[in-house]
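Work through the following exercises with the sequence and the coordinates side by side. Each task is followed by a solution that proceeds step by step.

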Amino acid sequence: MSSGSSTGKKVIAAIIPVAIGGIIWLSPVPEGLTPQAWHMFAIFAATIAAILTQPLPSGAVMLIALCVTIFTNTLTEAKALSGFSSGTVWLIFCAYVLSLGFVTSGLGNRIAYKMLSLFGGSSLGIAYSLGVSDLIMAPAMPSVTARSGGIIFPIARSINGVLGSAPGETGKRIGDFLTMVCFQFTPITGAIFLTGMAANPLVTSLAKNSLDVEITWGGWFIAAVVPAMVCFCLMPLLLYKILNPELKRTPEAKEMGRRSLETLGAMTRVEKKVAFGFILALIGWGTSLITGLSATSVGLGLAAYLFAVRAVDWKALLNDHAAWDTVIWFSVIISLAGGLSDLGFIKWMAAILGSSVHGFGAIQTFVLLGVLYIYVHYLFATASGHVAALYVPFAATAIAAGAPPMMVAICFGIFSNLMWSTTEYGGGPGPIYFAQGYFERARFYKINFLIVTVNVLLIFAVGLVWWKLLGYY
């Protein structure tokens, strides 16, 4: 690609968000809104557009948006910087610290190889062994790219190589199946835990600040685990039926897991320290209602422990750009979303959406908006951007229609995970899996659409029964 062409694309990428923000800013203020609220929306819309077009890295875009809100007096300096004091931001940062421990110590690989050595004797056994590995690591690794793309995917690729299943005709042996099933496991495992995906804590922050719904780590888990685990169990069986891998028995893969474990040797002291910290964190998050400790406090204690016992090196964390980018990105988006809510824009938007679904019952409105929330993700390249833009107005509309607030808040949080597996650009692991060449784009999209649709139906069918038992409605 020529430098001129690259420069031209960057200019266009910068012009689009500026134009969107400018047009909204200069347009007449709709009835029911203050000029300040309308200007806040203009800044927010331009920011989301910039996240999609990427004229600059997300962190830089966010700092620019922050300055615009301050210098235009749309938000006070204290309001604009309030997101940096959000416990949500620091919870996800602490989870990144634990994630770094899993990767650098080798504990993540050990878990995956152990599962493979136990259950890897068949193609379905391999699928579930890698899925369970993903599930075990999910509460400790909010980065789905690191968890699925950095640990699960390399192992799956190695298995495909051992079994001689490359992209193309030999992909039918097991490669097609294993690639797709690992890709589809991660949004399900991420949906089960508040710390299972980077945008989940953002969901809880938005729910608390804009919907007045407080979701704890344990509350999220209890509400999500039953419907999501039904998806976890059935999804591989459906893909097995669709793709019908030629290799049914795979003793080579099981042996590969055993050999890899032998190569790793006994657990190192660092692995044991990380594992102990992980167990303590799970206990802390799961007993927060008893201890009174918030999820953030537990996370900070975990990070302090990992640094104190030298299980994670501070200098290594300084090089973890994703963790620091998250602090900037999430802090500012929480401030911007809070500004929209405080200035009355969300309430106004919910009223507009509510009028469009007038005449539907509470549950019907909830289901309709949930389905729309999922499939509109074809327009988004990140789950976080989607959540920041649409979570509150969609959830607020369903709640205003009479749907139970807690049920709505958590269900839309679950959908914020499932939605990114519709395309190869919808979430971090997508490009990694798609680039292997096992699927043409049309086939990839068709299978993803089917799997996501089945998962959504299962979440509604099982979830509505489970949430009824929990007393949400």
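**Exercise 1.** Determine whether Ile279 is buried, partly exposed or exposed, and find the nonpolar surface patch to which Ile279 belongs.

Solution. This is a predicted model, so every value below is computed from predicted coordinates. Ile279 has a relative accessible area of 48%, and because the partly exposed class runs between 20% and 50%, Ile279 is partly exposed. Next, place the residue in its element: Ile279 lies in helix α13, which covers residues 269-286. Finally, look at the surrounding surface, where Phe276, Ile279, Leu280 and Ile283 form a nonpolar patch with about 380 Å² of accessible area together.

**Exercise 2.** Check the length of α13 against the expected helical rise, and list which residues of α13 are buried.

Solution. At 1.5 Å a residue, the 18 residues of α13 should span 26 Å. The C-alpha atoms at its ends are 26 Å apart, in agreement with that expectation. The buried residues of α13 are Glu271, Val274, Ala275, Gly277, Phe278, Ala281, Gly284 and Trp285.

**Exercise 3.** Apply the same length check to helix α18, and establish which helices its buried residues pack against.

Solution. Helix α18 comprises 12 residues, 345-356, and at 1.5 Å a residue these should span 16 Å; the end C-alpha atoms are 17 Å apart, which agrees. The buried residues are Phe345, Ile346, Trp348, Ala350 and Leu353. These buried residues pack against α2 (35-53), α17 (321-342) and α20 (383-400).

**Exercise 4.** A search of the whole structure finds seven salt bridges. Describe three of them, those of Glu169, Arg443 and Glu255, together with the accessibility of each partner.

Solution. Begin with Glu169, which pairs with Lys172 at a closest N and O separation of 3.2 Å. Glu169 is exposed at 58% relative accessible area, whereas Lys172 is partly exposed at 42%.

Turn next to Arg443, which forms a salt bridge with Asp176, the closest N and O atoms being 3.3 Å apart. Since Arg443 lies in helix α23 (residues 441-469) and Asp176 in helix α9 (residues 175-192), the pair ties together parts that are 267 residues apart in sequence. Arg443 is partly exposed, with a relative accessible area of 33%, while Asp176, at 6% relative accessibility, counts as buried.

The third pair is Glu255 with Arg258, whose closest N and O atoms are 3.7 Å apart. Both residues lie in helix α12 (residues 251-264), three residues apart, about one turn of the helix. An α-helix has 3.6 residues a turn, so residues three or four places apart point the same way. Glu255 is partly exposed at 33% relative accessible area, and Arg258 is partly exposed at 40%.

**Exercise 5.** Locate Gln54 and Asp212, and state the phi value of Gln54 and that of Asp212.

Solution. Most residues other than glycine have a negative phi. Gln54 has a positive phi, near 55°, and is found in the loop between α2 and α3 (58-71); with a relative accessible area of 39%, Gln54 is partly exposed. Asp212 likewise has a positive phi, near 60°, and lies in the loop between α10 (200-211) and α11 (217-243). At 70% relative accessibility, Asp212 counts as exposed.

**Exercise 6.** State how the protein is divided into domains and how far apart the domain centres lie.

Solution. The division gives domain 1 (1-74) and domain 2 (87-321), and the C-alpha centres of domain 1 and domain 2 lie 35 Å apart.

Notes. Residues are numbered from 1 along each chain as its sequence is written. This is a predicted model: local features need pLDDT of at least 70, side-chain atom pairs count only at pLDDT 80 or more; totals for chains, interfaces and linings use all residues. Side-chain values use heavy atoms; hydrogens and water are left out. Helices (H or I, at least four residues) and strands (E, at least two) are DSSP runs, numbered from the N terminus. The expected span of a helix is 1.5 Å times one less than its number of residues. Buried means under 20% relative accessible area, exposed over 50%, partly exposed in between (1.4 Å probe, protein chains only). Contact means heavy atoms within 4.5 Å. Domain bounds come from an automatic or database domain assignment. Patches are made of residues with over 30% relative accessible area and no salt bridge: like charges are joined within 9 Å, nonpolar side chains (Val, Leu, Ile, Met, Phe, Trp, Tyr) within 5 Å. Accessible areas come from the Shrake-Rupley method with a 1.4 Å probe; for residues, only the protein chains shown count as cover. A salt bridge is a side-chain nitrogen of Lys or Arg within 4 Å of a carboxyl oxygen of Asp or Glu.
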